[in-house]
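Student: I would be grateful for a close look at a single part of this model, with the reasoning explained step by step. Please begin with any term that I shall need.

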Amino acid sequence: MPRRESGSEGLTNALQELEPSPVEDDPTDVEKDSYFPSTSSPPPQLTRSSTLGLSGHSTVFYLTRIQKYSSYTFTLFIAFHITNTSLLPLSTPSLPTASTYLLLTRPYYQSSLAEPLLIIAPLTLHITSGILLRLYRRRALTKRYGADTHALRRGVGWPKISGTSALGYLLVPLVVGHAFVNRVLPLWVEGGSSGIGLEYVAHGFARSPKISFVGYTVLVGTAAWHFVWGWAKWLGLNPESVMEQGMEGGLRRKRRWYGINAVSALLAGLWMAGGLGVVGEGGEMKGWVGKGYDELYRKLPIIGRWL
């Protein structure tokens, strides 16, 4: 009569020995509030080697670095842009003089080679990587909780979005609209923007002061806070980078919060002082130049008929 296997022996025979494999995703990456890489020391991770001999990294690793380094390049353009549209108008005696400097320096970042490399490509990479990071973390959450059907996935919340990321998403349509009015529209109507200077912006403010003032204020304010908070994160100066606990840690985080917002307000104020205080008060252009600007603004979709 065959001997019956005991319960423990049957369970042992039913198990299969599997080769160990590295974990693909770091669970700590899934539920972070921010979409920037942490400046603190990350937990140890298993690394993989590719066929090329390169050490493997997670998708989050590459996307966060694309987002980070693309902002470096775009910051260079922003420095040129603020200088031309705010600092020079503040330091020169007249708007035409400041516009002359703008027209002299603009070819360095609006050439056929510099504009795609310095503006279009970094901005596209920065926005795309941020969206992909959010989608990737959402997918990682659904996998972590075993949500393999549409109904279950609907019950899994999205990762929390940081204030810096929220400002970035708000900034996208504002930047697109700004670029369309000042760059795309002249290219579309006149075939180029060589004659578009600070007088063109001043003419728009004079013709539609309320729309221009509100739009410019929201654009500059959102951009200033997004830039400063983003750079504070890259440099490890944001409140979340303070690892110290207790009262002293809380005070340090509070001081950083006030400091970053103070720098953001200073940048926004300086930017608006030249943009609104000088360019915005430049007045309406007369003669054939003003008529040409009127024709351009009338070509704007939806709102052009009222300009």
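Tutor: A residue counts as buried when its relative accessible area is under 20%, as exposed when it is over 50%, and as partly exposed in between. With these cut-offs we may turn to the salt bridges, and above all to the pair in helix 11. Please keep in mind that this is a predicted model.

Let us place the part within the whole. The protein chain contains 11 helices and zero strands. Of its 307 residues, 37% count as buried. The chain exposes about 18900 Å², and carbon and sulfur atoms supply 65% of that area. Among contacts between residues at least 6 apart in sequence, 72% join residues at least 24 apart.

Now to helix 11, which covers residues 287-298. Glu-295 and Arg-298 both lie in this helix, three residues apart, which is about one turn of the helix. These two residues form a salt bridge, and their closest N and O atoms are 3.1 Å apart. Side chains of opposite charge can pair when their charged atoms come close. How accessible are the two partners? Arg-298 has a relative accessible area of 43%, so it is partly exposed. Glu-295 also has a relative accessible area of 43% and is therefore partly exposed.

The structure holds five salt bridges, and two others may be set beside this pair. One of them joins Glu-244 to Arg-252, with the closest N and O atoms 3.3 Å apart. Glu-244 counts as partly exposed because its relative accessibility is 33%. Its partner Arg-252 has a relative accessible area of 30%, so Arg-252 is partly exposed too. Another bridge links Glu-248 with Arg-255, where the closest N and O atoms are 3.7 Å apart. Glu-248, at a relative accessible area of 40%, is again partly exposed.

Helix 11 can also be approached from another helix. Val-201 lies in helix 8, residues 198-207. Leaving aside residues up to four places away in sequence, Val-201 touches Asn-182, Val-279 and Tyr-297. Helix 11 runs over residues 287-298, so the contact with Tyr-297 brings us back to the helix that holds Glu-295 and Arg-298. Val-201 has a relative accessible area of 24%; since buried means under 20%, Val-201 is partly exposed. Val-181 is 20 residues from Val-201 in sequence, and their C-alpha atoms are 9.5 Å apart in space.

Methods. Residues are numbered from 1 along each chain as its sequence is written. This is a predicted model: local features need pLDDT of at least 70, side-chain atom pairs count only at pLDDT 80 or more; totals for chains, interfaces and linings use all residues. Side-chain values use heavy atoms; hydrogens and water are left out. Helices (H or I, at least four residues) and strands (E, at least two) are DSSP runs, numbered from the N terminus. Buried means under 20% relative accessible area, exposed over 50%, partly exposed in between (1.4 Å probe, protein chains only). Contact means heavy atoms within 4.5 Å. Accessible areas come from the Shrake-Rupley method with a 1.4 Å probe; for residues, only the protein chains shown count as cover. A salt bridge is a side-chain nitrogen of Lys or Arg within 4 Å of a carboxyl oxygen of Asp or Glu.
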